[in-house]
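Colleague: Got a minute to go through this model with me? I'd like to know what stands behind the labels.

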Amino acid sequence: YYLQIIKMQAPIQSRGTTKFGRACQRYACKQQGKRQLCVVPRAAATTGGTVAGGKARPKQPGFPFTKIQGQDDMKLALLLNVVDPNIGGALIMGDRGCGKSVAVRALVDLLPDIEVVVDDPFNSDPKDPKYMGPEVLQRFRNGEQLPTTVMRTPLVELPLGATEDRICGTIDIEKALLEGIKAYEPGLLARANRGILYVDEVNLLDDGLVDVVLDSAASGVNTVEREGISIVHPARFIMIGSGNPQEGELRPQLLDRFGLSVQVGTLMDSDMRTQLVLDRMAYEANPDALAEEARPAQEALTQKLMDARKRLKDVKISMDLQILISDICSRLNVDGLRGDLVTNRAAKALVALEGRNKVTKEDIGKVVSLCLSHRLRKDPLDPLDNAGKVGMLFQRMTNPEIMRREEEAKRKKEEAEKKAAEEAGSGNQRGGMKAGAWGGLPGRR
């Protein structure tokens, strides 16, 4: 049955060989006890289609990132992840038609081209072993000269109908049946290595698949154990998810795995809306002309991101500010330490993006809501949203006058509790009771 399907649908790689030759190859493998695992390289992604005569069709440019009006928090969250991928990605939730998908797809045009090993399905870096696939890593350790090429930073979109096999990779049935060897066919996580993995409508994706993707994004590797295949390959990518909260919410365990969270809404500023509509109409009429118009701003932003990446390792944050971040997380009852870590990283990435080397309180105030709002427990009866709670607490803790009053109130409360405990220990029956409170009926003597 599988062989019939392969003959009808799958292309046979060994087209020039005969049935006798393939049979001899399978027999030789069995005689040698050969149980090897090979990786089937996927066809290289093309930058465009083809037209008559075999000439490549140029790819249509995407909508420029610098032409997106408003949505400052969303754009900031995406840029911070580009500066420091260790932040852990971003979750963008908002109404339909707010430009969530457009912003993510436009982000790729800001990223520089990457150098990869030729015919490698994992986008292996020829110089950094952390980003090398298993075969390239072995060749690198053996001292081979790796042939390289340049490609665009990959953007892999995860469809809602994807299965776990397609995401993580699975055995290649064609090679197993025709050649008698176990072959691993890489999945979407391998293609997304050193790039961006985008999940639209992430709140509608199966929780198990979201958990698999987030595990790989956090650890940086993908481990496959199925059908006799055991392979570990790098999967270091920026995880970005988007969705409409009216269609469903993510579980708190999954929300906590995203580094930053943004709530976006429809633009209400008439000038911004008009300008965005005009730019969109111009893009649909002539994409190349709009891309050429935005090229200087795009190139300037790309250079700014590259400089920020280099500057990131030199950014410093004082111990007082780190204590402030941990104190905020503690007062908000944030579970775990991910909130503390992400807030520190996001603040440093913001400073690097703005061309400075030292984190201030103002920098923390700009990113603390993005880092912590989705990690709080939701109270359906509380009219204030989580982002507002985080912002109000930060303002309170960074205002010296408010902190002085809170410390004074705390000191008076402790003194009153201590006095009540002393009176209760001295035998005073009214110890700890308010003035004028009824002490009950007097006891009989």
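Colleague: What makes His233 count as buried or exposed?

Modeller: Keep in mind that this is a predicted model. His233 has a relative accessible area of 1%, and buried means under 20%, so His233 is buried. His233 belongs to strand β10, residues 229-234. Beyond its sequence neighbours within four places, His233 is in contact with residues including Phe122, Cys168, Tyr184 and Val221.

Colleague: Which aromatic pair does the structure hold, and why is it called edge-to-face?

Modeller: There is one aromatic pair in the structure. The ring centres of Phe63 and Tyr283 are 5.6 Å apart, and rings pair if their centres lie within 6.5 Å. Their planes stand at 80°, and angles over 60 degrees count as edge-to-face, so that is what this pair is called.

Colleague: Where in the chain do those two rings sit?

Modeller: Phe63 is in the loop between β1 (37-39) and α3 (72-83), while Tyr283 is in helix α11 (residues 270-285). They are 220 residues apart, so the pair links distant parts of the chain. Both Phe63 and Tyr283 are buried.

Colleague: How do you know that the charged end of Arg236 sits over the ring of Tyr131?

Modeller: The charged end of Arg236 is 5.5 Å from the centre of the Tyr131 ring. The cut-off is within 6 Å, along with a position within 35 degrees of the ring normal. The distance fits, and Arg236 is listed as sitting over the ring.

Colleague: What makes Arg257 buried or exposed, and what about Asp211, its salt-bridge partner?

Modeller: Arg257 comes in at 19% relative accessibility, under the 20% limit, so Arg257 counts as buried. Asp211 has 28%, between the 20% and 50% limits, so Asp211 counts as partly exposed.

Colleague: And why is their contact called a salt bridge?

Modeller: The N to O distance between the Arg257 and Asp211 side chains is 3.5 Å, and the limit is within 4 Å, so the pair qualifies. Arg257 lies in the loop between α10 (252-255) and β12 (260-264), Asp211 in helix α9, and 46 residues separate them. The structure holds 17 salt bridges.

Colleague: What ties Lys366 to Glu354?

Modeller: Another salt bridge, with the closest N and O atoms 3.4 Å apart. Lys366 lies in helix α15 (residues 361-372) and Glu354 in the loop between α14 (338-353) and α15, so the bridge ties together parts 12 residues apart in sequence. Glu354 also meets Arg356 in a salt bridge, at 2.6 Å from N to O. Through shared partners, Glu354, Arg356, Asp363 and Lys366 are joined into one network.

Colleague: How exposed is Lys366, and what label does that give?

Modeller: Lys366 has a relative accessible area of 44%. Exposed would need over 50% and buried under 20%, so Lys366 is partly exposed.

Colleague: What makes Leu278 eligible for a nonpolar patch?

Modeller: Leu278, in helix α11, has a relative accessible area of 48%. Patch residues need over 30%, so Leu278 clears that cut-off. Val277, Leu278 and Met281 form the patch, with about 290 Å² of accessible area together.

Colleague: What stands out about the backbone of Gln71?

Modeller: Phi of Gln71 is near 50°, a positive value in a residue other than glycine. Gln71 is in the loop between β1 and α3. With a relative accessible area of 13%, under 20%, Gln71 is buried.

Technical notes
Residues are numbered from 1 along each chain as its sequence is written. This is a predicted model: local features need pLDDT of at least 70, side-chain atom pairs count only at pLDDT 80 or more; totals for chains, interfaces and linings use all residues. Side-chain values use heavy atoms; hydrogens and water are left out. Rings of Phe, Tyr and Trp (its six-membered ring) pair if their centres lie within 6.5 Å; planes under 30 degrees apart count as stacked, over 60 as edge-to-face and the rest as tilted. Helices (H or I, at least four residues) and strands (E, at least two) are DSSP runs, numbered from the N terminus. Buried means under 20% relative accessible area, exposed over 50%, partly exposed in between (1.4 Å probe, protein chains only). Patches are made of residues with over 30% relative accessible area and no salt bridge: like charges are joined within 9 Å, nonpolar side chains (Val, Leu, Ile, Met, Phe, Trp, Tyr) within 5 Å. Accessible areas come from the Shrake-Rupley method with a 1.4 Å probe; for residues, only the protein chains shown count as cover. Contact means heavy atoms within 4.5 Å.
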